[in-house]
Amino acid sequence: MGRGYTEEQIQQVVEANDIVDVISQYVTLKKSGSQYMGRCPFHNEKTPSFSVSAEKQLYHCFGCGAGGNLITFVMNMENLNFIDAIKHLSQIANIYLPDPKAENDAESIKRERQYKLHREAALYFHKMLIKDIPAQRYLFSRGIQEETIKKFALGYSTSKFDGLFKHLSYKGYTRQEMLDSGLVLASKRDDGCYDRFRSRIMFPIVTVTGRVIGFGGRLTEKSEKYPKYLNSPENAIFTKGNHLYGLNIAKNNIKDGKIIAVEGYMDVISLHQAGVKNAVASLGTALTKGQGRLIKRYVDEVVLCYDGDEAGQRAMIRGIEVLDGLDLSIKVLRLPAGKDPDDFIKKEGLKAF
Ligand SMILES: [Zn+2]
């Protein structure tokens, strides 16, 4: 590995940063047509001839000829070598990168296996959903369209005791790897294992770089015994407070410089279907500081839209407190008592929302 980091790590860091955001830290950029223009940081000038393309993620100076991509910009501005520029960008984007010298150590191999295991699990759940007519019917009855099922890679965990366990075993994952993922639990009676998620619609939790790190599962039938929603526990690759459900999709659909934060998976999906594609959900009740920072990477304004019940309002107030000090403008979209964004937009439509 001549460069120290793997191609995948480099790509992950580059994708998580936006060249316009990064350069804006050094140069005042103004939108001009499809480009951004500013005064070149590499030569002295009075009239702006330094252009940045958000679309191409490249910069070019018509005055001195300087040009390149995100990485070369950071290398030149901060006087860093390639590896240190990647490290610098990973810190801006809040991405954990192991020390390049230690990249083949046991810990990073383990993490890589967990990413692959989760991807395999997501494919498995999705396949189960495509095969299961009642589960599909359940989603259709809730107004979820086929296209949305694909876009959010929704899945289904069958009622089978160990369907995922058997599938992952067949794919070569060890018992320990499966237990580490939290998707499989050890049986108390013998040394067997069983699936954590059963009879649930599965919502893969995906990072901004498109990697599955956990799941949310919703029961398709009412139950006294089991909770309606169940989430993956934290694991080597999943820290709840540092991720937002739907951000991988919302970040490409930012509207008016804002992101809408809602409570649940179904809220994000219903809003998306109704045309509100910049919604994300916190993976618990209230937003965390880490999630606030994540939002701040993409926008300067967040709209909190929580359920119109007491718990929702409490979570919203906590969210406002947590976001304080992050230099984020916070707005609140209040729904009528007893309504959540999911049923509100279905009944009242986009305009009312
Ligand atoms: Zn220049």
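Select Asp327 first: in this predicted model the residue is exposed, with a relative accessible area of 62%. Asp327 is found in the loop between H13 and strand S15 (329-332). Its backbone deserves a look, for Asp327 is not a glycine and yet has a positive phi of about 60°.

Next, select Gln57, another residue other than glycine with a positive phi, here near 55°. Gln57 belongs to the loop between S3 and S4. Its relative accessibility is 23%, and Gln57 therefore counts as partly exposed, the category between buried (under 20%) and exposed (over 50%).

**The zinc site**

Display the zinc ion together with Cys40, His43, Cys61 and Cys64. The donor atoms are SG of Cys40, ND1 of His43, SG of Cys61 and SG of Cys64, at 2.0 to 2.3 Å from the zinc ion. What arrangement do the 4 donor atoms around the zinc ion make? The angles they subtend run from 102 to 118°, so the arrangement is tetrahedral; the criterion for four donors is that all angles lie between 85 and 135 degrees.

Along the sequence, the donor residues follow the spacing C-x2-H-x17-C-x2-C. Cys40 and Cys61 link distant parts of the chain, being 21 residues apart: Cys40 sits in the loop between strand S2 (35-38) and strand S3 (50-53), whereas Cys61 is in strand S4 (residues 58-61). Both Cys40 and Cys61 are buried.

**Two helix pairs**

Select helix H3 (residues 70-78) and helix H4 (residues 82-92), and view their axes. These axes come within 9 Å and cross at roughly 105°, which means that H3 is roughly perpendicular to H4. To see the contact, show the side chains of Leu70, Ile71, Val74, Met75 and Glu78 in H3, which meet Phe82, Ala85, Ile86, His88 and Leu89 in H4.

Now move to helix H5 (residues 106-131) and helix H8 (residues 163-170). Their axes come within 10 Å and cross at roughly 125°, which makes H5 oblique to H8. The crossing of H5 and H8 is right-handed. On the H5 side, the residues to select are Leu117, Glu120, Ala121, Tyr124 and Phe125; on the H8 side, they meet Gly163, Leu164, His167 and Leu168. When inspecting a helix face, recall that an α-helix has 3.6 residues a turn, so residues three or four places apart point the same way.

**Helix H12 and its surroundings**

Select helix H12 (residues 289-296) and highlight its buried residues: Gly290, Gln291, Gly292, Leu294 and Ile295. Which elements do the buried residues of H12 pack against? They pack against two helices, H10 (247-250) and H13 (310-323), and two strands, S12 (258-262) and S14 (301-304).

**Ser232 and Lys188**

Select Ser232, in the loop between strand S11 (229-231) and H10. Is Ser232 buried or exposed? With a relative accessible area of 0%, Ser232 is buried. Leaving aside residues up to four places away in sequence, Ser232 touches Leu183, Phe197, Gly214, Phe215, Phe238 and Lys240.

The tour ends at Lys188, in the loop between strand S7 (184-186) and strand S8 (193-195). Lys188 has a relative accessible area of 81% and is exposed. Finally, draw a distance from Lys188 to Ala250: their C-alpha atoms are separated by 41 Å, and the two residues are 62 residues apart along the chain.

Note on methods:
Residues are numbered from 1 along each chain as its sequence is written. This is a predicted model: local features need pLDDT of at least 70, side-chain atom pairs count only at pLDDT 80 or more; totals for chains, interfaces and linings use all residues. Side-chain values use heavy atoms; hydrogens and water are left out. Donors are N, O and S atoms within 2.8 Å of the metal (3.2 Å for Na, K and Ca); water is not among the atoms, so sites may look incomplete. Four donors count as tetrahedral if all angles lie between 85 and 135 degrees; four count as square planar and six as octahedral if opposite donors are over 155 degrees apart and all others between 65 and 115; anything else is irregular. Helices (H or I, at least four residues) and strands (E, at least two) are DSSP runs, numbered from the N terminus. Buried means under 20% relative accessible area, exposed over 50%, partly exposed in between (1.4 Å probe, protein chains only). Axes are lines fitted to C-alpha atoms, for helices over the stretch in contact, and angles run from 0 to 180 degrees between N-to-C directions. Angles under 35 degrees count as roughly parallel, over 145 as roughly antiparallel, 65 to 115 as roughly perpendicular and the rest as oblique. A crossing is left-handed if the near helix is turned anticlockwise from the far one by less than a right angle, and right-handed if clockwise. Contact means heavy atoms within 4.5 Å.
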